[in-house]
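Here are some friendly notes to read alongside the coordinates. I hope they help you find your way around.

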Amino acid sequence: TTVPPTTTTPPTTTTPPTTTTQPNGTWWQPGAGNIEWQWEIDHPLSLSSAADMGTGKTKAALWSFDYLKSQGLANKMLVVATLSTLNFVWAREAFATVPHLTVKVLHGSKKLRLGRLAEDADIYVINHDGLGTIQSELAAREDIDVLCLDELANAYRNNSGRSKAMRKFAQRFRFVWGLTGR
């Protein structure tokens, strides 16, 4: 069983030998997502990459954000993902993995997106194309200090206008993570 990284002390039972204790006192058992999780904590501007679906990239990002938030190092996260994954992957996985955090999916008309953005949440999820609809309002939200770009390789090609705009947009965030597979 993988232990969520928000646990800061091992349980009172004997810790299995495969458990790793970090210098900051956090511990977890190596498994899907945990390598990426530690990389994201140690390298704020990082790329988390795994080969296939189901390897733990989403959980790694959620655990990383939860840990940073619990340590007072991060406040809110914006996830930019493909439209098909906003609810099915991100909202559902957040509920299952970090149920104490709140999620708002920013999808629909501009008015609806802005209304949901005005509501307090820990995590905001928006699709790549929808980002342009309310990008200036998102850029003004200084309390959102973590940016997670899902499907990075597919959505942001090096020479595209979207990629150049995202690099500029991402500069204002304290932490920027890109998730991609093969």
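1. Let me begin with a pair in the sheet: Val80 sits opposite Ile126 of strand 6. This is a predicted model, so please read each point below as a description of a prediction. The pair belongs to a wider match, since strand 4 (76-81) and strand 6 run parallel to each other across 5 bridges.

2. Strand 6 (123-127) has another partner as well. Strand 5, residues 103-106, is joined to strand 6 by 4 bridges, and these two strands are also parallel. Within that pairing, Val103 has Ile123 as its bridge partner.

3. Is strand 6 enclosed or open to the outside? Its residues are buried, 5 of 5, so the rest of the structure largely encloses this strand. The cover is found on both faces: one side carries Ile123, Val125 and Asn127, the other carries Tyr124 and Ile126, and all of them are buried.

4. Ile123 leads on to the packing. The largest nonpolar core has 22 residues, and those touching the most other members are Phe65, Met77, Val79, Trp90, Ile123 and Trp177. At least two core residues come from each of helix 2 (57-70), strand 4, helix 3 (86-97), strand 6, strand 7 (144-150) and strand 8 (175-180). Which of these elements gives the most? Helix 2 does, with 5 residues. A second core, separate from this one, has 18 residues, with Leu117, Leu147, Ala170 and Val176 among them.

5. Phe65 is a good residue to click on. Leaving out residues up to four places away in sequence, Phe65 touches Ala74, Asn75, Lys76, Met77, Leu101, Asp122, Ile123, Val146 and Trp177.

6. Now for helix 2 as a whole. From first C-alpha to last, its 14 residues reach 20 Å, close to the expected 20 Å at 1.5 Å a residue. The helix is mostly covered, with 11 of the 14 residues buried. Besides nonpolar residues such as Leu62 and Phe65, the buried set includes Lys57, Thr58, Ser64 and Asp66, which you may like to look at individually. After the helix comes Gly72, with a positive phi near 75°.

7. Arg141 deserves a look too. It lies in the loop between helix 6 (135-140) and strand 7, and its side chain makes a polar contact of 2.8 Å with the side chain of Asp143. Setting aside neighbours within four places in sequence, Arg141 is in contact with Lys76, Leu117, Tyr124 and Arg172. Two of these partners have appeared above: Tyr124 is among the buried residues of strand 6, and Leu117 is part of the second core.

8. Is Ala165, in helix 8 (residues 161-170), buried, partly exposed or exposed? Its relative accessible area is 36%, so Ala165 counts as partly exposed, the range between 20% and 50%. The C-alpha atoms of Ala165 and Gly132 are 9.5 Å apart, with their positions 33 residues apart along the chain.

9. Finally, some totals for the chain. There are 8 helices and 8 strands, and 45% of the 182 residues are buried. Of the contacts between residues at least 6 apart in sequence, 61% join residues at least 24 apart. The accessible surface is about 9300 Å², and carbon and sulfur atoms account for 55% of that area.

Key: Residues are numbered from 1 along each chain as its sequence is written. This is a predicted model: local features need pLDDT of at least 70, side-chain atom pairs count only at pLDDT 80 or more; totals for chains, interfaces and linings use all residues. Side-chain values use heavy atoms; hydrogens and water are left out. A nonpolar core is a set of buried Ala, Val, Leu, Ile, Met, Phe, Trp, Tyr and Cys residues joined through side-chain atoms within 4.5 Å. Buried means under 20% relative accessible area, exposed over 50%, partly exposed in between (1.4 Å probe, protein chains only). Contact means heavy atoms within 4.5 Å. A polar contact is a pair of N or O atoms within 3.5 Å; within protein, one must be able to donate a hydrogen and the other to accept it, and residues adjacent in sequence count only if both atoms are side-chain atoms. Accessible areas come from the Shrake-Rupley method with a 1.4 Å probe; for residues, only the protein chains shown count as cover. The expected span of a helix is 1.5 Å times one less than its number of residues. Two strands pair if DSSP finds at least two bridges between them.
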